[in-house]
Every structure is written in structure tokens, then in C-alpha cells.
Amino acid sequence: METLKLLRDYFPMAVFTGKCLVFISEDWRVELTEHKDSDFTKSENSPSIIRVRIFKRTLEGDLIPGHYEDFQLASLGELAEQIEKYVQLAIGTNLRENIE
């Protein structure tokens, strides 16, 4: 959860629920969750895996899961930048302007 807490500073429009960061709008829901790598042969210091899941809202108001991707970058700034780029390309709009 440490990486998610640090990502809050990069995404002030996201809500931290205690288990994930959530961006929500009328049309989209984006969730960021943190996972530890289960490969015990890797170093303890390897960065956490941040899973980005994107849901599209239907006309009836239901959320349909769509894209998801796992990110594992050591640099927090690069991680935030790549997540933002991925979400923007997936939903086709600027994250900072339209997910609030």
C-alpha cells in the first residue's frame, strides 16, 4: 500500500479507499491496486506491481471491465507518468481534466 499512498500525490483527483486508488467520472472508473510479486527468487527490494483496471459505465449505469495492465517501475515519477499515459490512451481523454 505504500506505493499507492505515494501515488496519491501524483493523482490528487483520485480517492484512496484503503485498498485502492479510484478515479471516477460519469463514464469511467479507474482502479489502481498494489500487489507484491509472488516470485520469491527476486529481491525484497523489487518494486510493487500496480494493476490499473479500467471500467466503462453502460447506459444502465453498470460498470463493465475493460482494459487492465500491470506496471512495475522503480521510479515513482516514471510509474505515475506511464500510468497516466496508459489511462489517457485507454479512455481517449485527458485524465486530469475529465476524471474528477
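Leu-32 is a good place to start in this predicted model. Leaving aside residues up to four places away in sequence, Leu-32 touches Leu-4, Leu-7, Phe-11, Cys-20, Leu-21, Phe-23, Ile-50, Arg-51, Val-52 and Ile-83. Leu-32 also belongs to the largest nonpolar core, which has 21 residues. Leu-7, Phe-11, Leu-32, Val-52, Ile-54, Ile-83 and Val-87 are the members that touch the most others in that core. At least two residues apiece come from α1 (2-10), β2 (21-24), β3 (28-35), β4 (49-57) and α2 (76-91). The largest share belongs to α2, with 7 residues.

Now let's look at the sheet. Strands of a sheet pair through backbone hydrogen bonds, either parallel or antiparallel. Here, 5 strands make an open sheet in the order β1-β2-β3-β4-β5, and their pairing is antiparallel. β1 and β5 (63-71) are at the edges with a single partner strand each, so one side of each has no neighbour in the sheet.

Follow the sheet from β3 onward. β3 and β4 run antiparallel and are joined by 8 bridges; along this pair, Thr-33 stands opposite Arg-51 in β4. β4 is then joined to β5 by 7 bridges, again in an antiparallel arrangement. On this side of β4, Arg-57 stands opposite Leu-63 in β5. β4 and β5 form a hairpin with 5 residues between them. If you zoom in on the turn, you will find Gly-61, which has a positive phi of about 95°.

The helices come next. α1 lies across β1, β2, β3 and β4, and runs at about 135° to β3. α2 packs on the sheet as well, touching β3, β4 and β5, and its direction makes about 20° with that of β4.

Which residues of α1 are buried? They are Thr-3, Leu-4 and Leu-7. Seen down the axis of α1, these buried residues fall within an arc of 95°, so they line one face of the helix. Turn to the other side of α1 and you will meet Glu-2 and Asp-9, which are exposed. And what covers the buried residues of α1? The cover includes β1 (15-16), β2, β3, β4 and α2.

That brings us back to where we began: Leu-4 and Leu-7, two of the buried residues of α1, are also among the residues that Leu-32 touches.

How values were computed
Residues numbered from 1 in each chain as written. Predicted model: local features only at pLDDT ≥ 70, side-chain atom pairs only at ≥ 80, totals over all residues. Heavy atoms only, no water. Core = buried A, V, L, I, M, F, W, Y, C linked by side-chain atoms within 4.5 Å. Buried < 20%, exposed > 50% of the residue type's maximum accessible area, 1.4 Å probe, protein only. Helix = DSSP H or I, 4+ residues; strand = E, 2+ residues; numbered from the N terminus. Contact = heavy atoms within 4.5 Å. Arc of directions from axis to C-beta. Pairing = 2+ DSSP bridges. Axes fitted to C-alpha atoms, helices over the stretch in contact; angles between N-to-C directions.
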